[in-house]
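Dear colleague,

I am passing on the structure below for you to look through at your convenience. My notes follow it, and I would be glad if you read them with the model open beside you.

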4 protein chains.
Amino acid sequence: MLEKRDYVDKIIKKAIKQTEKYKDIGELASYIPELANVNPDSFAFCLVTVDGEVFSYGESEKIFSIQSISKILSLIMALHDNDPISVFDKVGSEPTSYEFNSLVPITDKATNPFINAGAMTTASMVKGANVDEKFERILAYYKKLSSFEDAYLIKDIYESEMETTDRNRAIAYYLKSKDIFSDNPNDVLDLYIRNCSIATNVCALAKTGAVLANKGYKPKTKEKLLSKKEVQIIVSQMATCGMYENSGRYLMEVGIPSKSGVSGGILGVVPGVCGLGVYCPRIDKSGNSVRGIELFKILAKDLGFTIFIN
Amino acid sequence: MLEKRDYVDKIIKKAIKQTEKYKDIGELASYIPELANVNPDSFAFCLVTVDGEVFSYGESEKIFSIQSISKILSLIMALHDNDPISVFDKVGSEPTSYEFNSLVPITDKATNPFINAGAMTTASMVKGANVDEKFERILAYYKKLSSFEDAYLIKDIYESEMETTDRNRAIAYYLKSKDIFSDNPNDVLDLYIRNCSIATNVCALAKTGAVLANKGYKPKTKEKLLSKKEVQIIVSQMATCGMYENSGRYLMEVGIPSKSGVSGGILGVVPGVCGLGVYCPRIDKSGNSVRGIELFKILAKDLGFTIFIN
Amino acid sequence: MLEKRDYVDKIIKKAIKQTEKYKDIGELASYIPELANVNPDSFAFCLVTVDGEVFSYGESEKIFSIQSISKILSLIMALHDNDPISVFDKVGSEPTSYEFNSLVPITDKATNPFINAGAMTTASMVKGANVDEKFERILAYYKKLSSFEDAYLIKDIYESEMETTDRNRAIAYYLKSKDIFSDNPNDVLDLYIRNCSIATNVCALAKTGAVLANKGYKPKTKEKLLSKKEVQIIVSQMATCGMYENSGRYLMEVGIPSKSGVSGGILGVVPGVCGLGVYCPRIDKSGNSVRGIELFKILAKDLGFTIFIN
Amino acid sequence: MLEKRDYVDKIIKKAIKQTEKYKDIGELASYIPELANVNPDSFAFCLVTVDGEVFSYGESEKIFSIQSISKILSLIMALHDNDPISVFDKVGSEPTSYEFNSLVPITDKATNPFINAGAMTTASMVKGANVDEKFERILAYYKKLSSFEDAYLIKDIYESEMETTDRNRAIAYYLKSKDIFSDNPNDVLDLYIRNCSIATNVCALAKTGAVLANKGYKPKTKEKLLSKKEVQIIVSQMATCGMYENSGRYLMEVGIPSKSGVSGGILGVVPGVCGLGVYCPRIDKSGNSVRGIELFKILAKDLGFTIFIN
């Protein structure tokens, strides 16, 4: 599909240009000072094909915290360490119209792994002797998945999120009171916040997406990082639940299974074709990068990326 | 992808055999006597490729009422007769965890076009001087889309649904009270029930699916029946909302955008590949054909039909 | 408690004067033209003691439609025609935070008899061969209860409510679909709207209240119109559910079991002491007369009418 | 109303006898071991008139933890330390159909002061340099209000509740995240659990009720402990929200403003007449003493205690 490098490059450049008009729309996430403390005009995009070809634009090396995109990681690790049935015994797989940090869609369990409560649930299923060990496993896995060997915990983000995370602590205790896990809720929350604080850049996101697009195999090295079943679970949940309470509309308008984070990143997967990463920190009310969505929308159309028109 | 006819035929036959163990599981829909009045062991399956090749099995000519699969039709007609923006102004595009005939997920408008309230909303947007004319247009369109020229209104189904449809009449009046439409609610309901009562068979479903899989063009004749944008809207909504409150789990486990009806039919779309139709009247609690789902699950795996692993 | 006529009269006159500042606050109910078609400055008040002494002020003969205050009547008639257990089998007895015409608080049944769904439920339990006969029984009973022999159906109100009552018709069909009653929903709705359209004035309301305040006996004639048990049920439900979603706050601030209607009337009961009726058509967002509430608040304090300080 | 001591005594004894058949119905609260660790057959009742006359029966000296009846105390202290408007700015005044430890009825704020979230809110408004000082003030006030100078913190109850209170800790963090208070949520929870762990007996409850029944004045000494306004607020909230999600039905069937606790105590207020305390540890699903309710129901009828029939 990506026939010629020049052709693709031209399309992408045009699309980036077309989205310039959105660059002042949306607000920086402000619930922790560190997130508001970025250049609102930053922009970066990266596309990595299943053959490992890389197309990158803008500040593609720029580090930002992964935030909710890490919900993919804790789901993967939960699936690695447990069978899918026991994972989905503790967390649902249906979208919700409630916002990501709501407690309402937790009845017996969190509705899906991509709301905060669901990601705490999957975090609680990651094996390890303690929080440090669990996080090390997750981080090590992300380095491999993203080919971003320099991934690390952003200490400032982690610390300031830990200080201002009353709602998330409420969720952790609520899950504990529902017997979703037996660990100390503070430890589960700690791991969850560490996951959110992982340093990434758009190429690391796109390379992660490329593994998911490539049936679980790392482009070029062909290393198998995920089973087909895991790919199926993760990408389908991205399709139905990845963009918070706008997932249905996003899939209708864009058609690329994606997962966003409030720091302004979006990771997209075009099965059989490529992974995508975008970064632009101005977000809409649902927490999704405004310009990022517009860029994916244009690329989906101009490069035929939608999974529904093949 | 469907390399050789014999190979595909063998896979399908094996899959059908494997699902025989599910044939006694589930219950006939019983809310109208006519729906319970069928042979519970009936089974039929049809696959139609984007090239127009047909694979059919079991009672493939057997007539049954289309029920909720008609929600696709009224969405298509609403999109034909209005622009997408004004359609989704009146109906949402997000899944709901509530059952299909619930009134709870109607706040300002129905959450999506594939719950009853949403399908009444799209029905109300179909142009025509009166109910008869509107229905004639929908039926004529279905004949073309499905290549099933003998499609008709099943009078017994229609009449007995009209008699026992208190909940749906409540929904119609509720939508009216929310100013979703200005028509007489009884007329909107009448059209909705007529849509549900259209006679179909599995090959008509599979041929409809093949048009959706083929970017909106009818296989062989290449007649354009739907715009790419309409295909994108319909198939993505099938992916996120097509299987009632189990849509997320179904997409995770099967991975084929589908729409089911309580009569036991399911229509599936594999973009770029084929359309699928299955009929087996025993349904689960959510209203989906038990054996139908199992068959699609096996075919998705064995024929590589999931949209997430390409 | 009402020691001297002059003293009471002076207190009431002062209270009425004190509430003059509220006379421009609030809006006329506008959902049917007839309700908006009144003099917004009308004011009337009446107090009737358990001994039958009458204190009346303002336009005390002025006719207005009883609206939701009729919910008391259909509850009484349902209790007359059935035992309390079977009544509360079909309707709950708990307040709701949802607005009076919401469908949300109907799960198995309406949450209480004083929301629309609850009043339709009690209406459906009134005995009679047809709607005419049922309504005649209710009207006849109201004439006796209120000593207002001239009570009648206000045809204009009835007709225009019947025309614009989509939400209520939705509720009627919804209740039917939940098997709350077996009657035709249109008949139940018809009876419900007729009840709302009964002509009353403040003295009729106050006299009704006086019967409830007097253990069910009509002042002076001592005729027994209600059992103690019925009085207990009705007055306690007025206390917890009588003022729509503000019932808790109203009871806290005023302390008089009351039932309001959107036409601007409020009926109050001070057990052992008196009944109250007020009319002032400007209502707040919940549907309660603004000036009426303020007047009751002052009287409760100055005449010691709150049931919680005795 | 309580004409003759002998007459009243006879009525009460008969009522107690009549409720013996309920003594095996219901279950001990089991969420902390200490609550399940009591004699399920314990029974005690006390009535204290507004003149200070005491009628006591059964194990009237028996100590039990006050549990949710302490929600009255924290509401009183919040009202003492702040004006009512600022209190009800932070907590609602409407009943809820959700259970007492649900997080659902907390939208902007807790729906009422008598669910856990509401009582944490009022606890957070009590003045004091730290948790110790705040609790000392509350305990000192309870000693005065109840004339139970020996009231103390039951350490075993307090400690085991603190260990098993995940849901309540979730609520505390949730309220904090909604900016309901600025204190450390762990401190607010600590104070809340201490309040629940206060030692009481039925006579202490009845004497507290007698103050509320006596316009805020202590019987005999005439010491003013509460303003009329405070009495009005507390007793009306007991009427509408005091018996968890059964408050409406309880008021209808019993008619005495009451507040219950899961340890099996109920405090009742008959304005102008008396206070009541009962203890019987078997509770129903809502958390209310089964035999206690039955006893109040009979006394309300036989001694004319209902506030709605005067």
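**Chain A as a single unit**

Because a compact globule of 310 residues would have a radius of gyration near 19 Å, the 18 Å found for chain A agrees with that expectation; the radius is taken over C-alpha atoms, and the globule rule is 2.2 Å times the number of residues to the power 0.38. Please bear in mind that this is a predicted model, in which local features need pLDDT of at least 70 and side-chain atom pairs count only at pLDDT 80 or more, while totals for chains, interfaces and linings use all residues. Residues are numbered from 1 along each chain as its sequence is written, and chains are lettered from A and ligands numbered from 1 in the order in which they are written.

The C-alpha trace of chain A spans about 55 × 40 × 35 Å along its principal axes, and the chain has 13 helices and seven strands, these being DSSP runs numbered from the N terminus (H or I of at least four residues for helices, E of at least two for strands). Of its 310 residues, 59% count as buried, meaning that 20 or more other C-beta atoms, placed from the backbone, lie within 10 Å of the residue's own. Among the contacts in chain A with a separation of 6 or more, 69% are between residues 24 or more positions apart, where a contact requires C-beta atoms, placed from the backbone, to lie within 7 Å.

**Two domains in chain A**

Chain A is divided into domain 1 (5–64 + 202–302) and domain 2 (67–196), with bounds that come from an automatic or database domain assignment. The C-alpha centres of the two domains lie 21 Å apart, and the contact between them takes 31 residues from domain 1 and 30 residues from domain 2. On the side of domain 1 that touches domain 2, at least two residues each come from α2 (33–36), α10 (202–213), α11 (228–241), α12 (247–253), β5 (258–260) and β6 (265–270) of chain A, and α11(A) gives the most, with seven residues. By class, that side of domain 1 has 14 nonpolar, 11 polar and six charged residues, if Ala, Val, Leu, Ile, Met, Phe, Trp, Tyr, Cys and Pro are counted as nonpolar, Asp, Glu, Lys and Arg as charged, and the others, Gly among them, as polar.

**How the chains are paired**

A turn of 180° with a shift of 0.0 Å along the axis lays chain B on chain A with an RMSD of 0.0 Å, which is the relation of a two-fold axis; copies are superposed by least squares on the C-alpha atoms of residues with pLDDT of at least 70 in both. Within chain B, the residue that comes closest to the rotation axis is B:Thr240, at 2.8 Å (C-alpha). Since 100% of the interface residues of chain B are also interface residues in chain A, the copies meet through the same surface.

Chain D can likewise be laid on chain C by a turn of 180° and a shift of 0.0 Å along the axis, with an RMSD of 0.0 Å, and D:Thr240 is the residue of chain D closest to the rotation axis, at 2.8 Å (C-alpha). The contact takes 32 residues from chain D and 33 residues from chain C. On the side of chain D that touches chain C, the largest share, 10 residues, comes from α11(D). No contact joins chain A and chain C, whose closest C-alpha atoms lie 16 Å apart.

With kind regards

Key. Two residues are in contact if their C-beta atoms, placed from the backbone, lie within 7 Å. A residue is buried if 20 or more other C-beta atoms lie within 10 Å of its own, exposed if 12 or fewer, and partly exposed in between; C-beta atoms are placed from the backbone.
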